[in-house]
Amino acid sequence: MGAILIFSKMGEASTCEVIDWLDSYQTHFFRINDGEIHKLPTSIQLGNDHISLGLEKNNTSINEEDITAVWFRKTKTQEPPNLNGIEDLQIKRDIENHTLHELEAYNFAFYHLLEKKWLNHPSKKEINKPYQLHTAQKLGFKVPPTLVTNDKNKLLDFKKTHPNLIVKAVFRSRGFVIDKVFYAGFTAVLTTEIIDSLPSSFFPMLVQEKIDKEYEIRTFYIDGECHSMAIFSQLDQQTALDYRRYNRTNPNRTVPYSLPKQITERIQKLMAILELNSGSLDFIRAKDGNYYFLEVNPNGQFGMVSKPCNYYLEKKIAAWLIQQK
Amino acid sequence: MLEQKKHFQLFANCIPVKGASRSIICDLQRNTYRFIPNLLYDILQKLQTHSVAEVKAAYHNEYDQGIDQYLGLLTKSEWGFWTNEPNRFPDISLEWNHPALITNAIIDSDAHSTHDYQKIQKELDLLGCKALEMRTYSPVPPTQLHSILRYFQLSRLQHLTITLPFSDEWSVSEITNLVNQFPRIIQLIFHSAPEDKVCKLPIETHASVLFIQKVIDNKHHCGIVHPIYFSPNLSHFTEAQSNNTCLNRKISIDEKGNIKNCPSMPKSYGNHKEISLLNALQKTSFKDSWQINKDQIDTCKDCEFRYICTDCRAYIQNPQNIFSKPKKCHYNPYSAQWESNSKENLQKNTPPSN
Ligand code: SF4
């Protein structure tokens, strides 16, 4: 009996919706939450001529042969085992690091040995942003002039030719919880005052020229198909720089968008080079008429495109998973 | 800057609906609507395929000033925008679909009811039901409600709405305790209460708790059509295109255990003691009313509210005609008036027309 294996987080809403669709097609699934792989009774046995993978949950188990496709929605960062008995902080940190790497390797053993159709293999879950921009540029995409640096002189030089700058994380914007308040990582304007206050060498950052937007575009890509949404963040000061700074009382207009054929073709090429079969891509449609590529996120939220545009992407993902036999 | 762009478009989630004497634009993103004259509706239709200059010319430039004014207003309030590339902005699909056989259910009960809640929970889960409304017409002490709701704690239900008579046992701390224990509760209505008020709980919760003085001692209190019940949102609007906005994918159990489309409807498909929900659902004619949409209903089909209004097929003007207008609606789309003894005040509940 075939089944679809799903890696996700506990209670993740879009996972539940896809599962409802799988269910409506009477498709079996096996869901693993929050990197539970090492918390469940699991094993990999390598013989001379065979491998057997054991996964078990709530007294049901699944055989490797029965898995028809794997959906890697997201997973939680690993937590180290309880090391409260160890007093020496240095030793504790070393052991923590060691165990985290071991757990990661244990999980990846399953990921690598499950030679199935994956909706994004976890080895592709992080793609370096400067590398993405470079690859996109080679395919003919416009990208905002970008500098990645830790050197004030380089930054000052760049500012001379690109006076309006914004700053982002090199890897990804994440948030922090400080005193129970969540501080999200956003794109911000890099003012002259901020630059002046920097030491001659600083923590690395990614700096880009601020592009004058007509609107932003978020595209969900799955296996060759693009489902796009325009975001009119420009209408609103609060979101003009970064639409993730939602304005909840008067949300940005989000409407279905149809990309020019040439852009769709470039996206298909880019995803093929990056070996991704799904992902969320961000673009700016600039006042100058150009489409600027910003980034691709392999495990991007598709709900935020699916719902406002009535695309039923949850159903499409379920159908894709079922088709892989 | 605006002058440079030739086309005006409403945002795809702002959809105009024409009525007999006026129209509305439904803003399905910001969940509101506004009135517009039918002439503007026609102009907006033409603007879908023609530039503003072409449309103005089609009216022999007689309405230029009015058109400019309206489009200016719609631009400023972010209902529409200007572009030279109308093809990049397709209409939103009006498809409605849902993975579950049943999306919502009602269970009525009174002092004589003998429902098997465990069985109900199992069967609703099998059908994929997401929303449950429980209405009780006689007092339920907290311990009893807790033991009923415990059956639903591990179910697939996402939303639970409960209507019950107020009694002294329901102190604020009892209510808080209930809402805390059962986070699926999104609304709790105590009828027969000493006063009308919103009950503030001392915890953070998404559940709204209302006290109302009105006595709801039987199912006949349902079916009222009023602007406060309008739902200008994408899922309601799309479902309304080809389905009944009350009965589609609904199943109900009345206080006697009869399985029905809605407790107020006469037809029973069997008693839950003898037949499962799934078997009742599979009986011929159970789903007949699901696809009765507003475009088929007398009067409603000419009403500008038809895709945001919740229908009622239990109380209708002519019980012999299943396509007749809901009895508890006092709106006349031909005169654009809320009539007779209805106390509705449109201005209070809806955005002003311009
Ligand atoms: S006429 Fe029909 S659609 Fe219009 S408000 Fe009344 S019930 Fe709703």
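## Chains, domains and one helix

Student: Hi! How much area do chain B and chain A bury between them?

Tutor: They bury about 2,400 Å² between them, and carbon and sulfur atoms carry 48% of it. Buried area here is the accessible area, found with a 1.4 Å probe, that two parts lose on being put together, summed over both. Before we go on, this is a predicted model, where local features need pLDDT of at least 70 and side-chain atom pairs count only at pLDDT 80 or more, while totals for chains, interfaces and linings use all residues. Residues are numbered from 1 along each chain as its sequence is written, chains are lettered from A and ligands numbered from 1 in the order in which they are written, and side-chain values use heavy atoms, with hydrogens and water left out.

Student: Got it. How many residues does the contact take from chain B and from chain A?

Tutor: Chain B gives 29 residues and chain A gives 28, with contact meaning heavy atoms within 4.5 Å.

Student: And how many salt bridges are there across that interface of chain B and chain A?

Tutor: The rule finds six. It asks for a side-chain nitrogen of Lys or Arg within 4 Å of a carboxyl oxygen of Asp or Glu. One to look at joins Glu85(B) and Arg285(A), at 2.6 Å from N to O. There are also 17 residue pairs in polar contact between chain B and chain A, both residues at pLDDT 80 or more. A polar contact is a pair of N or O atoms within 3.5 Å; within protein, one must be able to donate a hydrogen and the other to accept it, and residues adjacent in sequence count only if both atoms are side-chain atoms.

Student: What classes of residue does the side of chain B that touches chain A have?

Tutor: That side has 12 nonpolar, seven polar and 10 charged residues. Ala, Val, Leu, Ile, Met, Phe, Trp, Tyr, Cys and Pro count as nonpolar, Asp, Glu, Lys and Arg as charged, and the others, Gly among them, as polar.

Student: Switching to chain B alone: how is it divided into domains?

Tutor: Domain 1 covers 2-88 and domain 2 covers 104-338; such bounds come from an automatic or database domain assignment. Their centres, taken over C-alpha atoms, are 37 Å apart. In the contact, 16 residues of domain 1 of chain B meet 18 residues of domain 2 of chain B.

Student: How much area do those two domains of chain B bury?

Tutor: About 1,200 Å² between them, 67% of it on carbon and sulfur atoms. Within domain 1 of chain B, Arg22(B), Leu28(B) and Tyr33(B) lose the most area to domain 2 of chain B, together 39% of what that side buries. Arg22(B) also forms a salt bridge with Glu304(B), at 2.8 Å from N to O.

Student: Which elements give two or more residues to that side of domain 1 of chain B?

Tutor: S2, S3 and strand S4 (32-36) of chain B. The largest share, four residues, comes from S3(B). Strands (E, at least two residues) and helices (H or I, at least four residues) are DSSP runs, numbered from the N terminus.

Student: Now helix H7 of chain B. Why is it largely enclosed by the rest of the structure?

Tutor: Because seven of its nine residues (234-242) are buried, and buried means under 20% relative accessible area, against over 50% for exposed and in between for partly exposed (1.4 Å probe, protein chains only). Among the buried ones are Leu234(B), His236(B) and Phe237(B).

Student: What covers the buried residues of H7(B)?

Tutor: The cover includes helix H7 (303-309) of chain A, along with strand S2 (14-18) and strand S3 (23-27) of chain B. At the start of H7(B), a side-chain oxygen of Asn233(B) comes to within 3.3 Å of the backbone nitrogen of Ser235(B).

Student: One last residue: is Val52(B) buried or exposed?

Tutor: Val52(B) is buried, with a relative accessible area of 5%. You'll find Val52(B) in helix H2 (residues 52-58) of chain B. Leaving aside neighbours within four places in sequence, Val52(B) is in contact with Lys6(B), His7(B), Phe8(B), Leu47(B), Leu71(B) and Trp82(B). Lys6(B) lies 46 residues away along the chain, yet the C-alpha atoms of Val52(B) and Lys6(B) are separated by 6.1 Å.
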